[in-house]
Amino acid sequence: TNPDGSVENGNRHLTFFAALLSMVAPFSINTYLPSFPDIELEFGISRVVLSQSLAVYLMAFATSTLFWGPVADRFGRRAVVLLSMALYGFASVGCAVSHNAETFLFFRVMQGLTASGGVVAARAMIRDANNAADARRAMAQVMLYFAAAPAVAPVLGGWLHEFLGWRSVFWFLAGFGGLLVLMGLATTETLSLKQRTSIHPIAVVRAYVGALRHRQFMMLVLCWSLGFAGFFLYVAGAPTVIYGFLGLGANEFGWLFIPIVSGLILGAYISNRIPAHWPPASTISIGLAVMSVGALINLITANLASASIPAVIGPLLFYVTGFALTIPALTVLSLDCLPANRGTASSMQGFAQMMAGSLVASFAVPLLSGRWVHFALGQALFLIVSVGLWYRLRKSLDIPQT
């Protein structure tokens, strides 16, 4: 066991498993984006209505994280993975066999309610099994694996759609959920019995109230979520970017997601190499500076250049690289604010992230989709607030330097 009482687990297996669990969310979001036109045609609905299938998934994901965290703190991470991924597979089958929009939306909600369990458990497992510096490295390694998902998902979804139809996308997701259940059966629990907390409603409420009242924790979570919103605007708005701004086809989503993934990989690689050399606060500040460069280039090109793949998508490489650089440090600093309730802390992280994504999909994308420059302005606004929170946090609170 580690000095803090957590159980040492085969860390390579654990990191890879945590990465696969983290991929559930981008797979659930991105694989069916190329199928939007065919799903709209089959169900007889508009793009605005189908976009709500993304919004309800994200809202369900965000809300259910608040349930899975306390469950993971009481019954362990492994139990949450097994239950949530089994139900996720069932929900994916439901999407695959849906014959009307209402049924499809119902099972999308169920996908969101269950997908969050694995993500919450993954973050908590990484921190359980590592000290702070090693946890940052492990989170960065998870990012390296995870980074492939946003690029692979729409490309794979496009292939499945092209050769087997849109329903095959959800059969694939069902199989992915089943694979994670099998891997979960072979994974050792990381939460020792003495670390488990009560799941009594009063105890759960107290834990969440404590998290909400923890100023440093909440500012870190909001900083992370707003930075995420700045690039998720382009993920949720991918059909608009690909079909509308760039005039590309269903098999060309890679032009958007490959640069995004390249930025995630580059930022995660740098973050994986620097924990012993840069304190977390410096890492976050540098990452936000790189994001600012990307947002500024985006604003300039949106105002002065015509829409093209390099002009629309190129600046995202800078933004996403900076964002990936900040993720491990922000995640570990947040979890360490609530060391006795890391499952609850992970839940709050997931809730804030997915609520940000849901609001972006529900309101920001429809509001800003008229013009490319509106997307650039939306991204800049999210980042300005994130940077402002971090600046205030660094000035007013004590941030660990190791």
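How many helices and how many strands make up the secondary structure of the chain?

## Overall architecture

The model described here is predicted. Its chain contains 16 helices and zero strands. Of the 402 residues in the chain, 60% count as buried.

Contacts were also considered by sequence separation. Among those in the chain between residues at least 6 apart in sequence, 85% join residues at least 24 apart.

## Accessible surface

The chain has an accessible surface of about 15400 Å². Carbon and sulfur atoms account for 69% of that surface.

## A nonpolar surface patch

W159, F163 and L164 together make a nonpolar surface patch of about 440 Å². W159 belongs to helix α7, which covers residues 148-164. This tryptophan counts as exposed because its relative accessibility is 53%, and the cut-off for that class is over 50%.

## Internal cavities

Rolling a probe the size of a water molecule over the atoms reveals where empty space remains. A search of the whole structure yields two cavities of 30 Å³ or more.

The second largest cavity holds about 70 Å³ of space. Its lining consists of R123, L220, V221, W224, L330, T331, S334, Q349 and Q353. Three elements each give two or more residues to this lining: α10 (215-236), α14 (309-337) and α15 (342-368).

Technical notes
Residues numbered from 1 in each chain as written. Predicted model: local features only at pLDDT ≥ 70, side-chain atom pairs only at ≥ 80, totals over all residues. Heavy atoms only, no water. Patch = residues over 30% accessible without salt bridge, like charges linked within 9 Å, V, L, I, M, F, W, Y side chains within 5 Å. Areas by Shrake-Rupley, 256 points an atom, 1.4 Å probe, with all protein chains shown as cover. Salt bridge = Lys/Arg side-chain N within 4 Å of Asp/Glu carboxyl O. Helix = DSSP H or I, 4+ residues; strand = E, 2+ residues; numbered from the N terminus. Buried < 20%, exposed > 50% of the residue type's maximum accessible area, 1.4 Å probe, protein only. Contact = heavy atoms within 4.5 Å. 1 Å grid on protein atoms, 1.4 Å probe; cavity = no way out; pocket = protein on both sides within 12 Å on 5 of 7 lines; lining within 4 Å. Points joined across faces, edges and corners; volume = space filled by probe spheres on them.
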